[in-house]
Amino acid sequence: MIRPLIVLDLDDTLLQNRAMIRGIWQVVAQNFAEKQIDPRVAYDNMQDFYSQTALGMKAYDFDAHLEFYGVEVAAAYRAVKVSALADGRFEVAGVADFLANLQHFADVLVLTYGFDGYQRLKASLCPSLMDVDIITTLGAKSDVLRTLSDVCCVVDDRPIADLPDCVQFVMVSLVGKPVDPEAPQPVFTSLKNVGEFLYEQLH
């Protein structure tokens, strides 16, 4: 029997993105003290390191930001991965149970927008994602979804344009960000409720 595929966003769906980035810069500043990095300034200056992608979209270039401070990229990644941040503190509430319950009746995949190394670094700080496949893209998520078989649902905190007709979109607001009133409804505010909704839809 073919199992349905549920595709999940990463940032602000499974992990608390802004809090994690602040934590990452604190670790970088501590491990490379000779560079005299103020982690608050680094966080505030992130917008200066957004790169234009091939499709005219923008993505934060963490590697370029590290290089600006003279920090070796590979060394910074290693320091972050072995830090206390990897204890799951930045996972959205309920992620472990949510994923475990989904995997009883569906296959699960993470599809995330951004530079590959940086997105995988953030995912590595979430123990609940250890056994979940991750796809990164700098293009439109809808283009990636068209290459996947058996996708039934997509869970994301931002609307996705031009979704395939057969794919149901599930909107979430899990980290307190304002919700666009024109966003697809309903908007779920807990992963527990998302899991219950998906179970009902697929049974």
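Helices and strands are named here as DSSP runs, numbered from the N terminus, and the model shown in these close-up views is a predicted one.

**View 1. Gln36, in the loop between helix H1 and helix H2, has a positive phi.**
The place of Gln36 is in the loop that joins H1 to H2, and its phi is about 55° although Gln36 is not a glycine. Most residues other than glycine have a negative phi. With a relative accessible area of 72%, Gln36 is exposed, because a value over 50% is counted in that class.

**View 2. Val41 of helix H2 is set beside Trp25.**
Val41 belongs to H2, which covers residues 39-44, and with a relative accessible area of 38% Val41 is partly exposed. Along the chain Val41 and Trp25 are 16 residues apart, while in space their C-alpha atoms are separated by 9.5 Å.

**View 3. Helix H4 and helix H6 cross at roughly 20°.**
The axes of H4 (residues 73-81) and H6 (residues 116-124) come within 10 Å of each other, and the crossing is right-handed. Because angles under 35 degrees count as roughly parallel, a crossing of roughly 20° makes H4 and H6 roughly parallel to each other. On the side of H4 the contact is made by Tyr77, Val80 and Lys81, and on the side of H6 by Gly117, Tyr118, Leu121 and Ser124. Sorted by class, the residues of this contact are 4 nonpolar, 2 polar and 1 charged. An α-helix has 3.6 residues a turn, so residues three or four places apart point the same way. Tyr77 and Lys81 in H4, like Gly117 and Leu121 in H6, can be followed along the contact with that spacing in mind.

**View 4. The buried residues of H4 and H6 pack against several other elements.**
In H4 the buried residues are Val73, Ala75, Ala76, Tyr77, Ala79 and Val80, and these pack against helix H1 (17-31), helix H3 (62-68) and H6. In H6 the buried residues are Tyr118, Gln119, Leu121, Lys122 and Ala123, a list that includes a lysine and a glutamine. The buried residues of H6 pack against the helices H1, H3 and H4, and also against strand S3 (58-60), strand S4 (107-113) and S5. Tyr77 and Val80 are buried in H4 and also take part in the contact with H6, as do Tyr118 and Leu121 from the buried set of H6.

**View 5. Helix H5 and helix H8 cross at roughly 10°.**
The axes of H5 (residues 95-102) and H8 (residues 191-201) come within 9 Å, and the angle makes H5 roughly parallel to H8. Val95, Phe98 and Leu102 of H5 meet Leu191, Val194, Gly195 and Leu198 of H8 in this contact. By class, the contact has 6 nonpolar residues, 1 polar residue and no charged residues.

**View 6. Thr137 is a buried residue of strand S5.**
Thr137 lies in S5, which spans residues 133-137, and with a relative accessible area of 11% Thr137 is buried, since buried means under 20%. The side chain of Thr137 reaches the backbone nitrogen of Gly139 at 2.9 Å. Leaving aside neighbours within four places in sequence, Thr137 is in contact with Leu111, Thr112, Tyr113, Gly114 and Val144.

**View 7. Asp162, in the loop between strand S6 and strand S7, has a positive phi.**
Asp162 is found in the loop between S6 (151-156) and S7, and its phi is about 60° although Asp162 is not a glycine. Asp162 is exposed, with a relative accessible area of 55%.

**View 8. Val179 and Gln185 are both placed in the loop between strand S7 and strand S8.**
This loop joins S7 (168-172) to S8 (187-188). At 36% relative accessibility Val179 counts as partly exposed, whereas Gln185 is exposed, with a relative accessible area of 57%. Leaving aside neighbours within four places in sequence, Val179 is in contact with Ser173 and Val187. Val179 and Asp157 are 22 residues apart in sequence and 8.8 Å apart in space, C-alpha to C-alpha. Gln185 and Met171 are 14 residues apart in sequence, and from C-alpha to C-alpha they are 7.1 Å apart in space.

Terms used:
Residues numbered from 1 in each chain as written. Predicted model: local features only at pLDDT ≥ 70, side-chain atom pairs only at ≥ 80, totals over all residues. Heavy atoms only, no water. Axes fitted to C-alpha atoms, helices over the stretch in contact; angles between N-to-C directions. Helix = DSSP H or I, 4+ residues; strand = E, 2+ residues; numbered from the N terminus. Parallel < 35°, antiparallel > 145°, perpendicular 65-115°, else oblique. Left-handed = near helix turned anticlockwise from the far one by under 90°. Contact = heavy atoms within 4.5 Å. Nonpolar A, V, L, I, M, F, W, Y, C, P; charged D, E, K, R; others polar. Buried < 20%, exposed > 50% of the residue type's maximum accessible area, 1.4 Å probe, protein only. Polar contact = N/O pair within 3.5 Å; in protein donor to acceptor, adjacent residues only side chain to side chain.
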